Amino acid sequence: MLFDADNLPGRVALSEAMMSYWAAFAANGRPGGGRDGRLPHWPEWSANPAAPPYLVFDTTQNGGIRVAERPVLVRLILK
């Protein structure tokens with residue numbers, strides 16, 4: 001139900017972005033902007049509890065990969 005041909009391109013793009021961040025982290029200890037530096041910058045972790053940044057992994061139709069100042073509620077939309 002959640003995975004179908006209509007959302008395959010978005011799922012593949014999101015998976016590739018996540019793998020790129022992991023590859024950059026494995027290579028230099030920082031996910032940064034992914035392996036080629038073209039993804040949104042993943043901010044370094046901070047011990048400051050006042051405003052910890054979060055990297056939101058989402059498809060482009062739902063806002064894309066972005067930095068948020070607080071956790072994002074997960075939406076589940078069923079057809």
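## Overall layout

Two residues are in contact when heavy atoms of each lie within 4.5 Å. By that criterion, residues 24 or more positions apart account for 23% of the contacts in the chain with a separation of 6 or more. The model is predicted.

The chain has one helix and two strands, and from the N terminus on these elements run α-β-β. Helix α1 covers residues 8–28. Strand β1 covers 54–56, and strand β2 covers 66–68. Of the 79 residues in the chain, 20% are buried. The chain exposes about 6,400 Å², and carbon and sulfur atoms supply 61% of that area.

## Nonpolar core

In soluble globular proteins, nonpolar side chains tend to be buried together. Here the largest nonpolar core has five residues in all: Leu-14, Ala-17, Tyr-21, Leu-55 and Ile-65. Helix α1 gives the most to this core, with three residues.

Tyr-21, a member of the core, has a long list of contacts once residues up to four places away in sequence are set aside. Among them are the core residues Leu-55 and Ile-65. Tyr-21 also touches Pro-31, Gly-32, Gly-33, Gly-34, Leu-39, Pro-40, Trp-42 and Phe-57.

## Nonpolar surface patch

Met-18, Trp-22 and Phe-25 form a nonpolar patch on the surface. Together the three residues have about 350 Å² of accessible area. Phe-25 is placed in helix α1 and is partly exposed, with a relative accessible area of 42%.

## Salt bridges

Side chains of opposite charge can pair when their charged atoms come close. The structure holds two salt bridges. One joins Arg-30 and Glu-44, whose closest N and O atoms are 3.5 Å apart. Both Arg-30 and Glu-44 lie in the loop between α1 and β1, so the pair ties together parts that are 14 residues apart in sequence. Arg-30 is partly exposed, at a relative accessible area of 49%, whereas Glu-44 is exposed, at 56%.

The other salt bridge is formed by the side chains of Arg-38 and Asp-36, with an N to O distance of 2.9 Å. Arg-38 is exposed, with a relative accessible area of 70%, and Asp-36 is partly exposed, with 46%. Arg-38 is placed in the loop between α1 and β1.

## Helix α1 and the loop that follows

Several pairs link helix α1 to the loop between α1 and β1, among them those made by Ser-20 and Arg-35. Ser-20 lies in helix α1 and is buried, with a relative accessible area of 16%. Leaving aside neighbours within four places in sequence, Ser-20 is in contact with Gly-34, Arg-35, Asp-36 and Leu-39. One of these, Asp-36, is also the salt-bridge partner of Arg-38. The C-alpha atoms of Arg-38 and Ser-20 are separated by 9.8 Å, and the two residues are 18 residues apart along the chain.

Arg-35 is found in the loop between α1 and β1 and counts as exposed, at 56% relative accessibility. With neighbours within four places in sequence left out, Arg-35 is in contact with Ser-20, Ala-23, Ala-24 and Ala-27. For one of these partners, Ala-23, the C-alpha to C-alpha distance from Arg-35 is 5.9 Å, while the two are twelve residues apart in sequence.

## Asp-58

Asp-58 is found in the loop between β1 and β2. Asp-58 is buried yet has no salt bridge. The nearest side chain of opposite charge is Arg-66, 4.0 Å away. A salt bridge requires a side-chain nitrogen of Lys or Arg within 4 Å of a carboxyl oxygen of Asp or Glu.

Apart from neighbours within four places in sequence, Asp-58 is in contact with Leu-14, Gly-64, Ile-65 and Arg-66. Leu-14 and Ile-65 are both residues of the largest nonpolar core, and Asp-58 touches each of them.

Note on methods: Residues are numbered from 1 along each chain as its sequence is written. This is a predicted model: local features need pLDDT of at least 70, side-chain atom pairs count only at pLDDT 80 or more; totals for chains, interfaces and linings use all residues. Side-chain values use heavy atoms; hydrogens and water are left out. A nonpolar core is a set of buried Ala, Val, Leu, Ile, Met, Phe, Trp, Tyr and Cys residues joined through side-chain atoms within 4.5 Å. Buried means under 20% relative accessible area, exposed over 50%, partly exposed in between (1.4 Å probe, protein chains only). Helices (H or I, at least four residues) and strands (E, at least two) are DSSP runs, numbered from the N terminus. Accessible areas come from the Shrake-Rupley method with a 1.4 Å probe; for residues, only the protein chains shown count as cover. Lys and Arg count as positive and Asp and Glu as negative; His and the chain ends are not counted. Patches are made of residues with over 30% relative accessible area and no salt bridge: like charges are joined within 9 Å, nonpolar side chains (Val, Leu, Ile, Met, Phe, Trp, Tyr) within 5 Å.
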